[in-house]
Protein chains: 2
Amino acid sequence: MKQRLAAIGTVEALPHRVAAFLSREIESGELNPGTRLPTEQQLSEKFGVSRNVVREAIAQLRADGMIEARQGVGAFVLAPEQRASIRIDGEALKATGNMERLFELRCILEAESAALAAERRRQEHLDAIKAALDRMSGEERWEEGSIDADLLFHREIARATGNNYIHTFISFVCEQIRRSIHYARLTNPLHDLVEVNVGEHVRIYEALVAGDPTAAEAAMRAHIVGAADRVGVKLPASRAAHSTGR
Amino acid sequence: MKQRLAAIGTVEALPHRVAAFLSREIESGELNPGTRLPTEQQLSEKFGVSRNVVREAIAQLRADGMIEARQGVGAFVLAPEQRASIRIDGEALKATGNMERLFELRCILEAESAALAAERRRQEHLDAIKAALDRMSGEERWEEGSIDADLLFHREIARATGNNYIHTFISFVCEQIRRSIHYARLTNPLHDLVEVNVGEHVRIYEALVAGDPTAAEAAMRAHIVGAADRVGVKLPASRAAHSTGR
DNA sequence: CTTATACATATCATCCTACAACTGCGTCGG
DNA sequence: CCGACGCAGTTGTAGGATGATATGTATAAG
């Protein structure tokens with residue numbers, strides 16, 4: 001039996017499609033942890049692709065920790081608890097509503113990150129953050145260069161926390177948001193809001209210099225709510241707006 | 001019969017080794033973002049493996065968002081900012097200090113998560129959380145079953161936020177921490193602390209039922225600080241301990 | 001009958017060759 | 001000058017062949 005893989009407009013590579021198919025089957029519970037996958041031979045026949053393609057797909061899933069392959073035996077589905085890594089695909093962000101959720105997550109992470117950074121920042125961190133801020137305010141319009149500087153500003157703050165995980169997560173989230181900005185600029189004229197954006201960043205920076213966690217957190221929350229609004233994302237009514245510190 | 005040599009210290013699979021090699025080259029900056037990788041042909045000669053192996057290695061790196069392959073052109077190193085996916089390797093947690101950082105991240109995420117859940121939880125969420133709590137307190141000792149219930153408790157709270165990303169992140173972080181628990185139990189007798197653990201969970205649950213975000217956040221912070229301490233992780237002196245709400 | 005050895009089989013791991021699809025660039029003809 | 005075309009190089013896919021490894025099964029020794 002030959003199964004047709006979803007062939008949406010874009011020409012996604014075959015291995016990716018096979019991996020996505022199997023991944024969905026695993027996530028949805030159709031393939032319980034512990035069960036053995038069909039052999040590569042069977043899979044290649046089922047999907048109508050070469051074994052090479054199947055192998056690449058399985059290699060991906062194995063790298064993601066979803067399955068384990070034992071030579072001479074077969075490939076087995078691993079329980080989520082056994083997985084050694086996490087991966088979040090940027091593709092999934094395109095679904096409606098995900099942008100709001102992502103901004104919400106960003107708000108949580110960055111607000112706390114700003115507070116931690118205010119406590120732990122050293123001079124070198126402040127210098128790096130200041131440099132990004134200068135690059136940002138030097139630009140006339142809010143475009144490629146200044147957006148880079150904008151994101152760098154946030155990453156540098158994350159770095160100042162001294163926590164690599166926070167830095168990694170925030171870097172990732174920021175990059176996802178960069179894409180939405182790129183998209184939003186096509187429909188909205190955002191240029192005249194540069195001063196507002198810079199002003200928000202300056203307030204964050206000043207709080208960091210002062211070493212005031214509460215002020216830094218409040219400034220960051222205010223900024224992210226504003227930034228979300230500027231790209232057309234309405235944060236759900238929640239504590240995200242309560243930028244009153246603790 | 002001649003005994004078959006047990007393959008102890010099994011060699012890592014070839015694709016994995018190639019991927020690790022290239023990955024190190026990229027991370028260390030020897031291969032700058034934007035540069036083109038050698039062709040698959042050249043790489044297969046360089047490493048003395050088949051092109052197939054090289055392809056699997058590249059497929060892994062591509063899945064990790066490290067490189068981008070364009071048909072007819074070549075494979076290019078992506079800047080960290082351009083990566084479309086995030087992956088955290090469980091192996092890295094073994095490094096000293098990483099456990100503390102992970103707990104810190106967990107504290108941030110879960111505290112806010114609890115607050116959001118207190119606002120948005122529906123009856124079904126409360127039921128699920130209560131079920132996990134009951135399963136946990138039903139156990140005599142803090143072992144496999146009750147730890148499962150413990151983590152389920154936290155995942156259900158994350159689910160109650162209605163934000164998939166939060167749920168995903170917390171699920172992952174929790175699973176990493178489960179391992180540290182398993183390890184910590186080998187050296188520390190933790191059993192007599194069950195009541196403390198359950199008590200902390202009950203307070204979180206009650207805050208959720210009451211729909212009190214501030215109390216939920218405070219209870220969660222207190223719990224995580226306590227949990228970290230019980231598995232031998234000392235959270236860095238920080239606002240993490242200021243469970244005074246906002 | 002029990003046990004151990006040898007064999008057969010199934011499966012993944014790797015290698016190999018060939019071709020298709022695509023890109024970039026130079027060439028050639030207008 | 002310039003556009004159409006073809007060529008070489010590269011990745012993507014196909015399919016077979018062989019090696020490595022685990023598992024089951026039949027066979028022979030005790």
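Let's start with Glu110(B), which has a relative accessibility of 0% and so counts as buried. Please keep in mind that everything I show today comes from a predicted model.

What does Glu110(B) form a salt bridge with? The partner is Arg106(B), and the closest N and O atoms are 2.8 Å apart. Arg106(B) counts as buried as well, at 5% relative accessibility. The two sit four residues apart in helix H4 of chain B, which means that about one helical turn separates them. As general background, side chains of opposite charge can pair when their charged atoms come close.

Let's stay with helix H4 for a moment, but look across to the other chain. Glu104(B) and Arg120(A) meet through their side chains in a salt bridge, at 2.5 Å from N to O. This pair crosses between chains: Glu104(B) belongs to helix H4 (residues 98–120) of chain B, and Arg120(A) to helix H4 (residues 98–120) of chain A. Are these residues buried or exposed? Glu104(B) counts as buried, at 4% relative accessibility. Arg120(A), at 23%, counts as partly exposed.

Now please turn to helix H3. Here Arg55(B) forms a salt bridge with Glu56(A), and 2.9 Å lies between the closest N and O atoms. Again the pair goes from one chain to the other, with Arg55(B) in helix H3 of chain B and Glu56(A) in helix H3 of chain A. Glu56(A) has a relative accessible area of 4%, so this residue is buried. Arg55(B), with a relative accessible area of 31%, is partly exposed.

Which residues are linked with these two in a network of salt bridges? The network is made up of Glu56(A), Glu40(B), Arg51(B) and Arg55(B). And if you would like the total, the count over all chains comes to 17 salt bridges.

Two of those network names come back when we look at the DNA. There are 24 residues around DNA strand D, and the ones that come nearest are Ser50(A), Gln71(A), Arg51(B), Arg55(B) and Gln71(B). So Arg55(B) is a residue to remember: it takes part in the salt-bridge network, and it is also among the residues that come nearest to strand D.

What kinds of residues make up the surface near strand D? They divide into eight nonpolar, nine polar and seven charged. On the DNA side, take the atoms of strand D within 4 Å of the protein: 64% of them belong to sugar or phosphate, and the rest to bases.

Let me point out three contacts from chain B. Gln71(B) has a polar side-chain atom 2.7 Å from a sugar or linking oxygen of DNA strand D. For Arg62(B), a polar side-chain atom lies 3.5 Å from a phosphate oxygen of the strand. Gly72(B) uses its backbone, with an N or O atom 3.2 Å from a base nitrogen of strand D. Which elements give two or more residues to this surface? From chain A they are helix H1 (14–27) and helix H3 (51–63), and from chain B helix H3 (51–63) and strand E1 (67–70).

One last stop, at another glutamate. Glu156(B) is found in helix H6 of chain B, which covers residues 144–160. With a relative accessible area of 12%, Glu156(B) is buried. Leaving out residues up to four places away in sequence, Glu156(B) touches Ala128(B) and Ile129(B).

Thanks for listening, everyone!

Methods:
Residues are numbered from 1 along each chain as its sequence is written. Chains are lettered from A and ligands numbered from 1 in the order in which they are written. This is a predicted model: local features need pLDDT of at least 70, side-chain atom pairs count only at pLDDT 80 or more; totals for chains, interfaces and linings use all residues. Side-chain values use heavy atoms; hydrogens and water are left out. A residue is near a molecule or strand if one of its heavy atoms lies within 4 Å of it. A polar contact is a pair of N or O atoms within 3.5 Å; within protein, one must be able to donate a hydrogen and the other to accept it, and residues adjacent in sequence count only if both atoms are side-chain atoms. Ala, Val, Leu, Ile, Met, Phe, Trp, Tyr, Cys and Pro count as nonpolar, Asp, Glu, Lys and Arg as charged, and the others, Gly among them, as polar. Buried means under 20% relative accessible area, exposed over 50%, partly exposed in between (1.4 Å probe, protein chains only). Contact means heavy atoms within 4.5 Å. A salt bridge is a side-chain nitrogen of Lys or Arg within 4 Å of a carboxyl oxygen of Asp or Glu.
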